[in-house]
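Grab a pencil and work through these exercises with the structure open beside you. Each task comes with a solution that goes step by step.

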Amino acid sequence: MKAVAVYPGKAHSIHLEDIPYPDINSIPDGRGVLVKVLKVGVDATDAEINEALYGNAPEGSDFLVLGHECFGVVEQVGAAVRHVKPGDYVTCTVRRPGDSIFDRIGRSDITTEETYYERGINLLHGYLTEYFVDDMEYIIKVPESLKHLHVLCEPASVAYKAVDEAIHAQRRLQVWEPRTAFVLGSGQIGLLTTMILRLRGIRTFTIARSEAPNLKAEIAEAMGATYVSTRKKSLAELAAQVGKPDLIIESTGHSGVAFEAMEVLNLNGALVWTSITGGDRRIEIPSDKINLQWVLGNKLMLGSVNSNFRHFEKAIADLGFAESMFPGVLQRILTHPVDGLDNYRKVMELLEDSSALKVYVNVAEG
Ligand code: BGC
Ligand code: ZN
């Protein structure tokens, strides 16, 4: 089968590999699911892997098959599989468990092991190929009515987890009613986080660099958020105008912004960092001031990465809810399809084009 791969550690090494067709019996006890890949989304993580800033090949392989945002159709299931059947549309989680207690309770997304295993990213091959096999535990059904949102399931699950972690952590306060949220960044994570917050009635400001009018601003506003360009207004100016946010979800990919966000959070607020920053940027910060404000304001900061099957299920439910609340809006995120695995160079070109909101590969019809 064809597969799009890189040589990790070697920049711009994207190429086609020929890999064997997967065997459903490689998963023991009849738990295997064979999936025909239909679409695979790519994101900044794939760009960083191709830049050799991130990611590792599986043990014994010199290449890594890319792709971690998948959408496909079930081709065959093992005898123990009940929740999906051939013909069902599905997506699949990214991380696979290690040995920590969190891994053992289905929470590999919060593993305490330094080495983590992620399909298409770290130590495991990804989905940018024709078929794959995995354990039924990692396969999530996607209703046919949401087929048109395909590759948004994985990023939506990452956004869902970020908000959910903040809600769990804020139980420390006994009562927490976030009224105002800042979402930093208007890429797919920023827009899907905006969706999740707006579905819960939270006053949301989606904040990014580019000036409106633009597609990202239109999508955010169609979900009832207010779009703000940092070229027009700094975070501090916005907070002075509309009030300090109780919740900030940072997803710009820029570590400087992650620290700047610390200066505008409300008392008792929560700041969630989600950007994966493989570079080595350094900035200067007013550390005494931030330290003082954070202690006096009982503020919380947490990092959130990845998502497990439960986050996928909830995120898919939210995609369905959003389709009734904001009909037709989410599909506008899916801006840049590329046809066929052979066109992998085009994929990387588009990833570098900042006007491309979402790049994905049409692998097969179905
Ligand atoms: C993926 C996550 C993954 C993270 C870190 C993101 O792009 O969507 O599933 O955990 O990268 O590798
Ligand atoms: Zn990703």
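**Exercise 1. Sort the shell around ligand 1 in this predicted model into nonpolar, polar and charged residues.**

Step 1: list who is there. Ligand 1 is surrounded by Asp43, Thr45, His68, Val94, Arg95, Glu118, Ile121, Glu154, Val158, Ile276, Val305 and Asn306.

Step 2: sort them. You should end up with 5 nonpolar, 3 polar and 4 charged residues in the shell.

**Exercise 2. Pick isoleucine 276 out of that shell and decide whether it is buried, partly exposed or exposed.**

Step 1: find its place. Isoleucine 276 sits in the loop between β16 (270–273) and α8 (287–296).

Step 2: count neighbours. There are 15 other C-beta atoms within 10 Å of isoleucine 276.

Step 3: compare with the cut-offs. Buried needs 20 or more, and exposed means 12 or fewer, so isoleucine 276 is partly exposed.

Step 4: look at its partners. If you skip the neighbours within four places in sequence, isoleucine 276 is in contact with Thr45 and Glu48. Its C-alpha is also 9.5 Å from that of tyrosine 54, although the two residues are 222 apart in sequence.

**Exercise 3. Leucine 123 and glutamine 174 each have a positive phi without being a glycine. Work out where each one sits and how exposed it is.**

Step 1: take leucine 123. Its phi is about 70°, and you'll find it in strand β9 (residues 123–124).

Step 2: count around it. Leucine 123 has 18 C-beta neighbours inside 10 Å, so it counts as partly exposed.

Step 3: now glutamine 174. Its phi is about 70° too, but its home is the loop between α3 (153–169) and β12 (180–184).

Step 4: count again. Glutamine 174 has 6 other C-beta atoms within 10 Å, so this one is exposed.

**Exercise 4. Find the cis peptide bond at proline 213 and say which part of the chain holds this proline.**

Step 1: check omega. The bond joining alanine 212 and proline 213 has an omega of about 0°, and it is cis.

Step 2: place it. Proline 213 lies in the loop between β13 (203–208) and α5 (215–222).

**Exercise 5. Describe how α9 crosses α3 and α4.**

Step 1: start with α3. Its axis and that of α9 (residues 309–325) come within 8 Å and cross at roughly 105°, so the two helices are roughly perpendicular.

Step 2: see who meets whom. On the α3 side you have Cys153, Ala156, Ser157, Tyr160, Lys161 and Asp164, and on the α9 side His311, Phe312, Lys314, Ala315, Ile316, Asp318 and Leu319. By class, this contact has 7 nonpolar, 2 polar and 4 charged residues.

Step 3: move on to α4 (residues 188–199). The axes of α4 and α9 come within 10 Å and cross at roughly 70°, which makes this pair roughly perpendicular as well.

Step 4: sort this contact. Met195, Ile196 and Leu199 in α4 meet Asp318, Phe321, Ala322 and Met325 in α9. That gives 6 nonpolar, no polar and 1 charged residues.

**Exercise 6. Describe how domain 1 and domain 2 sit relative to each other.**

Step 1: mark the bounds. The domain assignment gives domain 1 as 2–141 + 335–362 and domain 2 as 157–303.

Step 2: check the spacing. Their C-alpha centres lie 29 Å apart.

Step 3: look at the contact. Here 9 residues of domain 1 are in contact with 8 residues of domain 2. The domain 1 side has 4 nonpolar, 1 polar and 4 charged residues.

Key:
Residues are numbered from 1 along each chain as its sequence is written. Chains are lettered from A and ligands numbered from 1 in the order in which they are written. This is a predicted model: local features need pLDDT of at least 70, side-chain atom pairs count only at pLDDT 80 or more; totals for chains, interfaces and linings use all residues. A residue is near a molecule or strand if its C-beta atom, placed from the backbone, lies within 6 Å of it. Ala, Val, Leu, Ile, Met, Phe, Trp, Tyr, Cys and Pro count as nonpolar, Asp, Glu, Lys and Arg as charged, and the others, Gly among them, as polar. Helices (H or I, at least four residues) and strands (E, at least two) are DSSP runs, numbered from the N terminus. Domain bounds come from an automatic or database domain assignment. Two residues are in contact if their C-beta atoms, placed from the backbone, lie within 7 Å. Axes are lines fitted to C-alpha atoms, for helices over the stretch in contact, and angles run from 0 to 180 degrees between N-to-C directions. Angles under 35 degrees count as roughly parallel, over 145 as roughly antiparallel, 65 to 115 as roughly perpendicular and the rest as oblique.
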